[in-house]
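Please find below a colleague's note, written for a reader who is new to protein structures. Kindly keep the sequence and the structure in view while reading the numbered points.

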Amino acid sequence: GIIIYTSGTTGNPKGVVHANGTPAIQSWRWGKALGLTPDDKLLSKFPYFWSAGLTMTLGGPLSAGTAVSTIESFDAGTALEILDQAIGESARAAGH
(Lines give C-alpha, C1' and ligand atoms only; values in the text may rest on other atoms or scores of the structure.)
Protein backbone atom coordinates (compact mmCIF):
# COMPACT_ATOMS: atom_id res chain seq x y z
CA GLY A 1 0.00 0.00 0.00
CA ILE A 2 0.81 3.68 0.00
CA ILE A 3 0.23 6.25 2.76
CA ILE A 4 -1.38 9.49 1.62
CA TYR A 5 -1.91 12.28 4.14
CA THR A 6 -5.21 14.08 4.66
CA SER A 7 -6.74 16.48 7.13
CA GLY A 8 -10.12 14.83 6.54
CA THR A 9 -13.07 16.46 8.24
CA THR A 10 -11.33 17.03 11.58
CA GLY A 11 -8.53 19.27 10.34
CA ASN A 12 -5.95 17.06 12.06
CA PRO A 13 -3.46 15.51 9.62
CA LYS A 14 -3.46 11.75 9.41
CA GLY A 15 -1.96 9.13 7.14
CA VAL A 16 -4.43 6.93 5.27
CA VAL A 17 -3.24 3.64 3.79
CA HIS A 18 -4.46 3.09 0.23
CA ALA A 19 -4.12 -0.05 -1.86
CA ASN A 20 -1.57 0.38 -4.66
CA GLY A 21 -4.32 0.20 -7.27
CA THR A 22 -6.16 3.32 -6.12
CA PRO A 23 -3.44 5.91 -6.85
CA ALA A 24 -2.33 3.94 -9.93
CA ILE A 25 -5.83 4.08 -11.47
CA GLN A 26 -6.25 7.77 -10.55
CA SER A 27 -2.86 8.57 -12.07
CA TRP A 28 -3.76 6.83 -15.31
CA ARG A 29 -7.11 8.69 -15.38
CA TRP A 30 -5.39 12.07 -14.89
CA GLY A 31 -2.89 11.35 -17.65
CA LYS A 32 -5.78 10.57 -20.02
CA ALA A 33 -7.97 13.50 -18.82
CA LEU A 34 -5.15 15.99 -19.32
CA GLY A 35 -4.32 14.54 -22.74
CA LEU A 36 -0.66 14.15 -21.82
CA THR A 37 1.83 12.51 -24.18
CA PRO A 38 5.53 11.57 -24.10
CA ASP A 39 6.20 14.84 -25.98
CA ASP A 40 4.90 16.95 -23.07
CA LYS A 41 6.92 18.41 -20.20
CA LEU A 42 5.44 19.36 -16.83
CA LEU A 43 6.78 21.62 -14.08
CA SER A 44 5.21 21.05 -10.65
CA LYS A 45 5.50 22.53 -7.20
CA PHE A 46 2.74 20.32 -5.76
CA PRO A 47 3.63 18.24 -2.71
CA TYR A 48 3.45 14.49 -3.26
CA PHE A 49 2.24 13.48 0.20
CA TRP A 50 -1.40 14.14 -0.75
CA SER A 51 -3.53 12.53 -3.43
CA ALA A 52 -3.92 15.47 -5.83
CA GLY A 53 -0.21 16.20 -6.03
CA LEU A 54 0.66 12.54 -6.29
CA THR A 55 -1.85 11.59 -8.99
CA MET A 56 -2.32 14.84 -11.00
CA THR A 57 1.22 16.16 -11.26
CA LEU A 58 3.38 13.06 -10.80
CA GLY A 59 1.52 9.82 -11.47
CA GLY A 60 -0.65 11.15 -14.30
CA PRO A 61 2.22 12.60 -16.31
CA LEU A 62 4.46 9.58 -15.68
CA SER A 63 1.67 7.20 -16.75
CA ALA A 64 1.61 9.04 -20.09
CA GLY A 65 5.41 9.07 -20.47
CA THR A 66 5.52 12.83 -19.79
CA ALA A 67 8.72 14.26 -18.27
CA VAL A 68 8.19 15.87 -14.86
CA SER A 69 10.42 18.53 -13.29
CA THR A 70 9.80 19.66 -9.73
CA ILE A 71 10.39 22.92 -7.91
CA GLU A 72 10.22 23.28 -4.12
CA SER A 73 8.68 26.77 -4.07
CA PHE A 74 7.61 28.94 -6.97
CA ASP A 75 10.02 31.57 -8.20
CA ALA A 76 9.48 32.85 -11.76
CA GLY A 77 13.20 33.04 -12.59
CA THR A 78 13.90 29.54 -11.34
CA ALA A 79 10.83 28.19 -13.12
CA LEU A 80 11.98 29.71 -16.42
CA GLU A 81 15.47 28.24 -15.95
CA ILE A 82 14.00 24.78 -15.37
CA LEU A 83 11.68 25.13 -18.36
CA ASP A 84 14.56 26.29 -20.56
CA GLN A 85 16.55 23.20 -19.57
CA ALA A 86 13.55 20.91 -20.15
CA ILE A 87 12.20 22.28 -23.42
CA GLY A 88 14.54 25.02 -24.59
CA GLU A 89 13.48 28.13 -26.45
CA SER A 90 9.89 26.96 -26.93
CA ALA A 91 9.26 27.74 -23.22
CA ARG A 92 9.63 31.45 -23.97
CA ALA A 93 7.45 31.30 -27.06
CA ALA A 94 4.57 29.35 -25.49
CA GLY A 95 2.65 32.46 -24.46
CA HIS A 96 2.90 34.25 -27.81
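The points below go from the whole chain to individual residues.

1. The model under review is predicted. The protein has 96 residues, of which 22% count as buried. Its accessible surface comes to about 6,300 Å², and carbon and sulfur atoms account for 59% of that area.

2. The secondary structure consists of four helices and four strands. Along the sequence these elements follow the pattern β-β-α-β-α-β-α-α. When contacts between residues at least 6 apart in sequence are considered, 50% of them join residues at least 24 apart.

3. In which sense do strand 3 and strand 4 pair? Strand 3, residues 41–44, and strand 4, residues 67–70, pair in the parallel sense, over four bridges. The chain travels from strand 3 to strand 4 through helix 2 (residues 51–63), and this β-α-β crossover is right-handed. Within the pairing, Leu42 has Val68 of strand 4 as its bridge partner.

4. Helix 1, residues 21–33, contains Trp30. With a relative accessibility of 29%, Trp30 counts as partly exposed, because this value falls between the limits of 20% for buried and 50% for exposed. Leaving out residues up to four places away in sequence, Trp30 touches Thr55, Met56 and Gly60. Trp30 and Met56 are 26 residues apart along the chain, yet their C-alpha atoms are separated by 5.7 Å.

5. Ser27 also lies in helix 1. Is Ser27 buried or exposed? Its relative accessible area is 8%, and Ser27 is therefore buried, as the cut-off for that class is under 20%. Setting aside neighbours within four places in sequence, Ser27 is in contact with Leu54, Thr55, Gly59, Gly60 and Ser63. Thr55 and Gly60 thus appear in the contact list of Ser27 and in that of Trp30.

6. Attention may now turn to the surface. Val17 belongs to strand 2, which covers residues 14–18. Val17 counts as exposed because its relative accessibility is 62%, and the class of exposed residues begins over 50%. Which residues make a nonpolar surface patch together with Val17? They are Ile3, Tyr5 and Phe49, and the patch measures about 430 Å².

7. In reviewing the model, the student may wish to set three residues side by side. Val17 is exposed, Trp30 is partly exposed, and Ser27 is buried.

Notes. Residues numbered from 1 in each chain as written. Predicted model: local features only at pLDDT ≥ 70, side-chain atom pairs only at ≥ 80, totals over all residues. Heavy atoms only, no water. Patch = residues over 30% accessible without salt bridge, like charges linked within 9 Å, V, L, I, M, F, W, Y side chains within 5 Å. Areas by Shrake-Rupley, 256 points an atom, 1.4 Å probe, with all protein chains shown as cover. Salt bridge = Lys/Arg side-chain N within 4 Å of Asp/Glu carboxyl O. Helix = DSSP H or I, 4+ residues; strand = E, 2+ residues; numbered from the N terminus. Buried < 20%, exposed > 50% of the residue type's maximum accessible area, 1.4 Å probe, protein only. Pairing = 2+ DSSP bridges. Right-handed = clockwise from strand over helix to strand, strands pointing away. Contact = heavy atoms within 4.5 Å.
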